[in-house]
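Me: I've got a small protein open here and want to talk through its fold with you. Could we start at one of the turns and work outwards?

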Amino acid sequence: MGWEYKIAIAKVLKGQTKLMFDTDEAVGLLNEVGRSEWELLDVSLVGSEAMYTFKRPREQRDEAEPLWK
């Protein structure tokens, strides 16, 4: 079994003393991808945005299919 991955980007709000997540946007994103059985792996700050990385099991693929396209 292999994995497939998804990356989503969300804006981060700048507070006076720290960066803050837009929690409504983050929760909406997590609920949306969770319904499609994606599992959250990581959240990284990239500039003024948060990068969410997800994975889920990939359906069985033809072994003759090349790994990289």
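Me: Sure, strand pairing first: what is the bridge partner of Val46 in strand 4?
Reply: Keep in mind that this is a predicted model. Strand 3 covers residues 39-46 and runs antiparallel to strand 4, with seven bridges joining them. Val46 belongs to that pairing, and its bridge partner in strand 4 is Glu49.

Me: And which residue stands opposite Ser44 in strand 4?
Reply: We're still in the antiparallel pairing of strand 3 with strand 4. Go from Val46, paired with Glu49, over to Ser44. The residue opposite Ser44 is Met51.

Me: Which residue takes a positive phi in the hairpin of strand 3 and strand 4?
Reply: That hairpin has two residues between the strands. One of them has a phi near 65°, and that's Gly47.

Me: Zooming out, in what order do the elements of the protein run from the N terminus on?
Reply: The tally is one helix and four strands. Two strands come before the helix and two after it, which gives β-β-α-β-β.

Me: Which elements give two or more residues to the largest nonpolar core?
Reply: That core has 10 residues: Ala8, Ala10, Val12, Ala26, Leu29, Val33, Trp38, Ala50, Tyr52 and Phe54. In soluble globular proteins, nonpolar side chains tend to be buried together. Sort the members by element and you get strand 1 (3-14), helix 1 (23-35) and strand 4 (49-57).

Me: How is the one aromatic pair arranged, by its ring planes?
Reply: The structure holds one such pair, made by Tyr52 and Phe54 with ring centres 6.3 Å apart. Planes under 30 degrees apart count as stacked. Theirs are at 10°, so the pair is stacked.

Me: Is Phe54 buried or exposed?
Reply: Leaving out neighbours within four places in sequence, Phe54 is in contact with residues including Ala8, Leu30, Val33 and Trp38. Its ring partner Tyr52 has 3% relative accessibility and counts as buried. Phe54 has a relative accessible area of 1%, so Phe54 is buried.

Me: What about Thr53, buried or exposed?
Reply: Thr53 lies in strand 4, and in a regular strand the side chains alternate between the two faces of the sheet. Beyond residues up to four places away, Thr53 touches Lys6, Ile7, Glu39, Leu40, Leu41 and Asp42. The cut-off for buried is under 20%. Thr53 has a relative accessible area of 17%, so Thr53 is buried.

Me: Over the ring of which residue does the charged end of Lys55 sit?
Reply: Look for a lysine charge over an aromatic ring. The charged end of Lys55 is 3.8 Å from the ring centre, and the ring is that of Trp3.

Me: How far apart in space are Pro57 and Gly2, C-alpha to C-alpha?
Reply: Pro57 is in strand 4 and is partly exposed, with a relative accessible area of 43%. In sequence, Pro57 and Gly2 are 55 residues apart. In space, C-alpha to C-alpha, the distance is 6.0 Å.

Me: Last one: what share of the contacts with a separation of 6 or more comes from residues 24 or more positions apart?
Reply: Pro57 and Gly2 have already shown us a pair 55 residues apart in sequence. Over the whole protein, the share is 56%.

Note on methods
Residues are numbered from 1 along each chain as its sequence is written. This is a predicted model: local features need pLDDT of at least 70, side-chain atom pairs count only at pLDDT 80 or more; totals for chains, interfaces and linings use all residues. Side-chain values use heavy atoms; hydrogens and water are left out. Contact means heavy atoms within 4.5 Å. A nonpolar core is a set of buried Ala, Val, Leu, Ile, Met, Phe, Trp, Tyr and Cys residues joined through side-chain atoms within 4.5 Å. Buried means under 20% relative accessible area, exposed over 50%, partly exposed in between (1.4 Å probe, protein chains only). Two strands pair if DSSP finds at least two bridges between them. Rings of Phe, Tyr and Trp (its six-membered ring) pair if their centres lie within 6.5 Å; planes under 30 degrees apart count as stacked, over 60 as edge-to-face and the rest as tilted. A charge sits over a ring if NZ of Lys or CZ of Arg is within 6 Å of the ring centre and within 35 degrees of the ring normal.
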